[in-house]
Amino acid sequence: MSEPIFDTVIRTDQLTRDFGDFRALSEITLDVPRASIFGLLGPNGAGKSTLIRMLCGVLKPTSGRGSVLGFDVRADAEAIKRRIGYMSQRFSLYADLSAIENIRFYAMIYGISTERRREREDAVIALTGIGPYLDRLGGHLSGGWKQRLALACALIHEPDVIFLDEPTAGIDPVARRDLWDLLFELSHQGVTMFVTTHYMDEAERCSKVGYLQGGELIVLGTPNELKNSKRVTPDDARRYEVSCRDLPAALARAKSMKAVRDATLFGPMLHVLTDASANPGELVLELTGGDSGAEFRSVAPTLEDVFVILSRAEEARAAS
Amino acid sequence: MNGFWAILTKEFAHIRRDRTTIFFMFMVPVIQLIIFGVAIDVTIDNIPLVVLDLDGRAESRRLVQALENTQSFQVVGRPYDQESFRRAIRSGRAKAGVLIPAEYSGRLLRNEQAEVQVLIDGSDSQIATTALNTVTLLVQNMSVGRAKSVGEAVHFTPARNASGASALPIDVRPRLLYNPDLESSHFFVPGLIAVILQMVLLFLTSFSIVRERELGTLEQLFVTPVGRGGLLFGKLIPYALMAYGELLIVLVAMVGIFHVPISGSLLLLLGLSSLFILTVLGLGLLISTIASTQLEAVQFSFLVMLPSVLLSGFMFPRSEMPLVIWLAGYLLPVTYFVEIVRGVVLRGADAVDLASSILGLLCCCVAILILSLARFRKQLD
């Protein structure tokens, strides 16, 4: 590669997109360093796909700027398309072509020379492990293998960046784990990844995460930064995990208690955010209605806590 | 044109894999050829006839024989009484009945006017008209023949021909051009070329694009460096080639099986077929920009196909249509092409003879291409 290596592979500055009167994305500013995995979260319709489509050069921004690998999304869309891979949330390969025919089709689309094609085919087949299924029709593969095939096709031209729009939606947990192992491997090879997901455990694995809501990027940072953020756990507050017999009753009580700022159920546990000044022992006794078997311990917030708290704060701010 | 070969190769792979496409491409023309070329015969003959012959002598037998000889009629029964005669017609077993009175031969021999009653079932107007015309013409001819011979006998004749024999004053000499045997396959099969080409191309091209949109593969293609031209030509050229294959099949069947020779220039026919194929590809592209699912594509295609079959003159003569419908036919490219194919194949027409149809087709082609390409480009942006 002769062009300069950019440390920041994706950069947007106040990137905005309107559809008619509707503002789908509002002034998104973020940057993604080389070889990192950027996780984008947010409810359906928050603008995740719109952002990806703009970064891929298929949708023109209304205002603001964006660049991928140093190419402007508005002016150099074609240059971007040659250097990125894209994997959509639904299986978008040809069901009536075999796995290897799909891979060869994309090799031809990207204009890979015949000599190099063999080498690239072998590389993506080895990486994704699709070897045993090469002659199977795309439509006859299971969910996990479809995604691996899609990844193989997206990687055939050795892209520097891959955009993955909910790559693990609807596939089984083992296949999900395997796919993420693959993504880590790619990241080690220097490929930058931009992933949207609904799964918190996947978000935890990202080097950096952003949370989109109503077209606005309301959270941006590394998972650790976010969890330690003062906005999530202020200095005058403490976070506890409580286990007791009657969780629903405890949750109802927690919501009416003054010292409790927030309460959420996490499986068999209740997470509460309390004033630092309150005595946790007394608080828990009151919370559980005198359950002597109740236990509690101090915990750090999860990413889900982060997103719930920050999106509520955002809703409150928008409402006022 | 980036990605042209990739898409072209892939499209052929789809066609090879997809049995319904292959069935559609090659079976539909065969079925249509059979239906329109063989099964539908618009010339009416062998109308079932009952005869109640109360006379039964030579003159009445001659009349019945003459009726059968026209091949328009086939005697299916000779009842002996009025009741079964009428019942045969009422039951639909016979479409016409001839009642010859007892004194028929006798009156004729005495040079008196004889009456023959003919009953025709008018419920099917086409059959009734044929029956009426045939009977009237036949009986008139027989009457004139008798009148002439009677005239000869008294040395009086209305006119004489070149050799001096007694003849009718006006001699009509009709000659049927281009299709002397009035074979309906000569009329239908050339028109069928236009209809088959349009049907197969319209469905397949609109499907092939809409399917990619429906499956999300089009979206996937947009994030690759594939160019608009490469996408468009890569997708449409395979179907254009298959359309040529279809054209050759139907032409070979037309000449080989139905014995309809191509009177005009084959080159002109192929050239104008290319123009028509281009027009229909544009139409398919246009449908694909309107329809968002394959089901919608089918519905839109039918919206075009139905008037194309009914209003283009392929099945029904356009001259019989009400003004508005007649004018609407000119909006269909197939109207011009049916006229062109019939002109070249049956009448041996050249480009000058067909100038107005060629111009019409050209206008349709340009208008459809401009509209569909504009919509296609807009959708990609």
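These legends describe close-up views of helix 9 of chain A and of the cavities in a predicted model. Local features need pLDDT of at least 70, side-chain atom pairs count only at pLDDT 80 or more, and totals for chains, interfaces and linings use all residues. Residues are numbered from 1 along each chain as its sequence is written, chains are lettered from A in the order in which they are written, and side-chain values use heavy atoms, without hydrogens and water.

**View 1. Helix 9 of chain A and its buried face.** Helix 9 spans residues 247-256 (helices are DSSP runs of H or I, at least four residues; strands are runs of E, at least two). Leu247(A), Ala250(A), Leu251(A) and Ala254(A) are its buried residues (under 20% relative accessible area, 1.4 Å probe, protein chains only). Seen down the helix axis, they fall within an arc of 100 degrees (directions from the axis to the C-beta atoms), so they line one face. Pro248(A), Ala252(A) and Ser256(A), on the other side, are exposed (over 50%).

**View 2. The cover over helix 9 of chain A.** Strands 11 (237-243), 12 (260-266) and 13 (269-275) of chain A are among the elements covering the buried residues (contact: heavy atoms within 4.5 Å). Helix 10 (280-287) of chain A is also included.

**View 3. The largest cavity.** Its space is about 40 Å³ (filled by probe spheres set on the grid points). A cavity is a set of points on a 1 Å grid where a 1.4 Å probe fits but cannot get out; lining residues have an atom within 4 Å of a point. The lining includes Tyr86(A), Cys153(A), Gln220(B) and Thr224(B). Strand 6 (84-87) and helix 5 (143-155) of chain A each give two or more residues.

**View 4. The second largest cavity.** Its volume is about 30 Å³. Met87(A), Arg90(A) and Gln220(B) are among its lining residues.

Conventions:
On a 1 Å grid over the protein atoms alone, a cavity is a set of points where a 1.4 Å probe fits but cannot get out, and a pocket is an open set with protein on both sides within 12 Å along at least five of seven lines; lining residues have an atom within 4 Å of a point.
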